[in-house]
Amino acid sequence: MKHIIPSLLLTIGITGTSASASTTEMWREPQSVVKEGKQYSLIIDRGELQKAVRTSTNEYCFSEKGAGVKPLVLIGTPVEITEFLIKNETRGIENNITELPDIYMGITKYVPRKRFIGLFPLNDLLITAVEQVQKFQPGSIITDAAGIPGDLKGLYEAMEKLQENQKEGGQILYVKFSYLPEDGMTKIGSKTISFSKILKIMQQPS
């Protein structure tokens, strides 16, 4: 594959999805498939995001077979993603892959049709969410010097007061969970982790 001229590759990326605070969901990231195109060209088909289905125990799962082999993805603004994590804090992610038990998380700007590259420390998501909320609800959240909220309950109460269009404003982020580390991803747990634990990790200074 290394000898193929890049100009012959027609890249088809991940289909974008519109996220809103009321419908932000967990997705499965598709696996890339190389296909033959016309005139000896190759097509890298990255497929479409598919809605992630929870297990009978209400968790999102990594497994050696089926949909569980694919990474999990959240797409939305910092407020929308934080709201999802808080609303689902009693749920989490299970990794049932014996030889690869770790769970990694990374955050990047969402650029449709491009691969994931980690860019941000985990706590930057909470800091950005706080900044977004305080723009509309000034002085409503107590934070430390780094801007990390000391009380997630206060952050959630402030987010609840926002209009939907205020929650949807700002940079769209791509939050990825995987059992395989990638550049910019951080190990957040092993075998199982709740979204409430993820929020606590995000409150820690980088």
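**Figure 1. Asn 58 sits in the loop between β5 (50–51) and β6 (60–62).** The model shown here and in the other views is predicted. Asn 58 has a positive phi of about 70 degrees, although this residue is not a glycine. The side chain is neither fully hidden nor fully open: Asn 58 counts as partly exposed because its relative accessibility is 33%, and that class lies between the limits of 20% and 50%.

**Figure 2. Lys 191 occupies the loop between β11 and β12 (192–194).** Phi of Lys 191 is near 70 degrees. That is a positive value in a residue other than glycine. Lys 191 has a relative accessible area of 57%, so it is exposed; the class begins over 50%.

**Figure 3. Asp 183 lies in the loop between β10 (173–178) and β11 (186–190).** With 66% relative accessibility, Asp 183 counts as exposed. Gly 106 is 77 residues away along the chain. In space, the C-alpha atoms of Asp 183 and Gly 106 are separated by 8.5 Å.

**Figure 4. Leu 72 belongs to strand β7 (residues 72–76).** Its relative accessibility is 0%, so Leu 72 counts as buried. Trp 27 is 45 residues from Leu 72 in sequence. The C-alpha to C-alpha distance between Leu 72 and Trp 27 is 5.6 Å. Leaving aside neighbours within four places in sequence, Leu 72 is in contact with Met 26, Trp 27 and Arg 28, with Ala 52, with Tyr 60 and Phe 62, with Ile 93, and with Val 175, Lys 176 and Phe 177. For the chain as a whole, consider contacts between residues at least 6 apart in sequence: 75% of them join residues at least 24 apart.

**Figure 5. Helices α1 (78–87) and α2 (123–136) cross.** Their axes are 8 Å apart, and the packing angle is about 115 degrees. That makes α1 roughly perpendicular to α2. The crossing of α1 past α2 is left-handed. On the α1 side, the contact is made by Pro 78, Val 79, Ile 81 and Thr 82. These residues meet Leu 125, Leu 126, Thr 128, Ala 129, Gln 132 and Val 133 in α2.

**Figure 6. Helix α1 also packs against α3 (residues 152–160).** The angle here is about 120 degrees, with the axes 11 Å apart. That makes α1 oblique to α3. The roughly perpendicular class ends at 115 degrees. Again the crossing is left-handed, as α1 passes α3. Val 79, Thr 82, Glu 83, Ile 86 and Lys 87 are the α1 residues in this contact. Their partners in α3 are Leu 152, Leu 155, Tyr 156, Met 159 and Glu 160.

**Figure 7. Thr 82 in helix α1 touches residues of two other helices.** Is Thr 82 buried or exposed? At 0% relative accessibility, Thr 82 counts as buried. Residues up to four places away in sequence are not counted in what follows. Thr 82 touches Leu 125, Leu 126 and Ala 129. Thr 82 also touches Leu 155 and Met 159.

**Figure 8. Helix α3 turns one side to its neighbours.** Which residues of α3 are buried? They are Leu 152, Gly 154, Leu 155, Ala 158 and Met 159. These residues cover an arc of only 160 degrees around the axis, which puts them on the same side of α3. An α-helix has 3.6 residues a turn, so residues three or four places apart point the same way. The buried residues of α3 pack against α1, α2, α4 (164–167) and α5 (195–202). The N-terminal end of α3 is capped by Asp 151. A side-chain oxygen of Asp 151 lies 2.9 Å from the backbone nitrogen of Lys 153.

**Figure 9. Helix α5 carries its own set of buried residues.** The set consists of Phe 195, Ile 198, Leu 199, Ile 201 and Met 202. Their arc around the axis is only 160 degrees, which puts them on the same side of α5. In the whole chain there are five helices and twelve strands. Of its 206 residues, 46% count as buried.

Terms used: Residues are numbered from 1 along each chain as its sequence is written. This is a predicted model: local features need pLDDT of at least 70, side-chain atom pairs count only at pLDDT 80 or more; totals for chains, interfaces and linings use all residues. Side-chain values use heavy atoms; hydrogens and water are left out. Buried means under 20% relative accessible area, exposed over 50%, partly exposed in between (1.4 Å probe, protein chains only). Helices (H or I, at least four residues) and strands (E, at least two) are DSSP runs, numbered from the N terminus. The arc is that of the directions from the helix axis to the C-beta atoms. Contact means heavy atoms within 4.5 Å. A polar contact is a pair of N or O atoms within 3.5 Å; within protein, one must be able to donate a hydrogen and the other to accept it, and residues adjacent in sequence count only if both atoms are side-chain atoms. Axes are lines fitted to C-alpha atoms, for helices over the stretch in contact, and angles run from 0 to 180 degrees between N-to-C directions. Angles under 35 degrees count as roughly parallel, over 145 as roughly antiparallel, 65 to 115 as roughly perpendicular and the rest as oblique. A crossing is left-handed if the near helix is turned anticlockwise from the far one by less than a right angle, and right-handed if clockwise.
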